[in-house]
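Reader: I'd like a close look at one part of this model, the loops and what they sit against. Could you then connect that to the rest of the fold for me?

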Amino acid sequence: DVIILFMNDLLAADIKRRLRGTGRRVVFVCGLPGSGKSTFCVGYSRVPGLTGAVLHSDWYAKYATAVRRARIAAALTSGEVTRIEAEEDPRNWYDWDALIRDIEILRDTGLVNITDGWDQSTGNKGLKIELTAGPNDLIWVDGIQLLNEPIVSLAELVVLLNTTEAVATERGADRDSHRSDAHYLAYKAGLARKYEVPYFAKYSKVADMVIDNSDIENPNIVR
């Protein structure tokens, strides 16, 4: 975080320039798994003029990791293409209605309580979070599929972090190796190629700001 805050004054200034008005404003940061979304949000949420709360969309996963994997395994065993795609596609892993509701509550009231979040450290549900935002704080939201309606309309600014697939896969493996073996990590990388790469090919033009985040310590503004 210290490196991020030190090295990217120009990028911080550009984000400030793109934001308008006052009050609580929502900033989406999206990209492939491993593109550096959480690190980016946490770092920039500490920059003067950009301070605020960070809301992680992963908290809104519908199922514990073990349950989700079991559902996918059952779908694969069934051989039913529609069922397999419904369980594999990461867009179906999240409670979007709850995420939209909580973003709106935090934006409108400055306080939201999450009572059954997904815990990245354990893969289980039950995480409890109380999140607050001051009257002029930003609300940083990190997530993969934040470029489509209806959720994208909540954001004042939408930032897309681009990385090469190889870099994203390596970072994702480093992050998740504590709870996933090499076989599952390879399978998950395959899901990203199957579902998430096409998603960004379809929706990337929706982003207001595109950043090459292949070098997480030296991101470059693409547009």
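**Starting from a loop glycine**

Author: Gly36 counts as buried, at 11% relative accessibility. The cut-offs here are under 20% relative accessible area for buried, over 50% for exposed, and partly exposed in between, with a 1.4 Å probe and protein chains only. Before going on, keep in mind that this is a predicted model: local features need pLDDT of at least 70, side-chain atom pairs count only at pLDDT 80 or more, and totals for chains, interfaces and linings use all residues. Residues are numbered from 1 along each chain as its sequence is written, and side-chain values use heavy atoms, with hydrogens and water left out.

So where is Gly36? It is in the loop between E1 and helix H3 (37-44). Those labels are DSSP runs numbered from the N terminus: helices are H or I with at least four residues, strands are E with at least two. Gly36 and Asp142 are 106 residues apart in sequence, yet 9.5 Å apart in space, C-alpha to C-alpha. Next door in sequence, Ser35 has a similar story with Thr164: 129 residues apart along the chain, 8.5 Å apart from C-alpha to C-alpha. Thr164 lies in the loop between E6 and helix H7 (165-176) and is partly exposed, with a relative accessible area of 40%.

Now the loop between E5 and E6, where you'll find Asn148 and Pro150. Asn148 is buried, at 9% relative accessible area. Skipping neighbours within four places in sequence, Asn148 is in contact (heavy atoms within 4.5 Å) with Arg91, Tyr199 and Tyr203. With Tyr199 there is a side-chain to side-chain polar contact of 2.6 Å. A polar contact is a pair of N or O atoms within 3.5 Å; within protein, one must be able to donate a hydrogen and the other to accept it, and residues adjacent in sequence count only if both atoms are side-chain atoms. Right beside it in sequence, a cis peptide bond joins Glu149 and Pro150, with omega of about 5 degrees. Most peptide bonds are trans.

These loops hang off a sheet. Six strands form an open sheet, ordered E2-E5-E1-E6-E7-E8, with mixed pairing; strands count as paired if DSSP finds at least two bridges between them. Strand E2 (52-56) and strand E8 (220-221) sit at the edges with a single partner strand each, so one side of each has no neighbour in the sheet. Strand E7 (residues 209-212) and E8 run antiparallel over two bridges, and Asp212 has Asn220 as its bridge partner in E8. Packing on this sheet is helix H2 (residues 9-18), which touches strand E5 (138-143), strand E6 (157-162), E7 and E8, and its direction makes about 170 degrees with that of E7. That angle is between N-to-C directions, on a scale from 0 to 180 degrees, using lines fitted to C-alpha atoms, for helices over the stretch in contact.

Then there's the inside. The largest nonpolar core has 34 residues, and Phe28, Leu55 and Ile103 have the most contacts within it. Such a core is a set of buried Ala, Val, Leu, Ile, Met, Phe, Trp, Tyr and Cys residues joined through side-chain atoms within 4.5 Å. Strand E1 (25-31), E2, helix H6 (96-109), E3, E5, E6 and helix H8 (182-203) each give it two or more residues, and H6 has the largest share, with five. Another core lies apart from it, with 19 residues, among them Ala12, Leu19, Tyr44 and Met209. Leaving out residues up to four places away, Phe28 touches Ile103 and several others, including Leu146, Ile151 and Val152.

Wondering about cysteines? The whole structure has zero disulfides, a disulfide being a pair of cysteine sulfur atoms within 2.5 Å. The closest cysteine sulfur to that of Cys30 is in Cys41, 9.8 Å away and too far for a bond. Cys30 is buried at 0% relative accessible area, and Cys41 is buried at 0% too.

One last piece is the hairpin of E3 and E4, with six residues between the strands; Gly123 in the turn has a positive phi of about 80 degrees. Strand E3 (residues 111-118) and strand E4 (residues 125-132) are antiparallel and joined by six bridges. In E4, Gly117 has Leu127 as its bridge partner, and Asn113 has Glu130.
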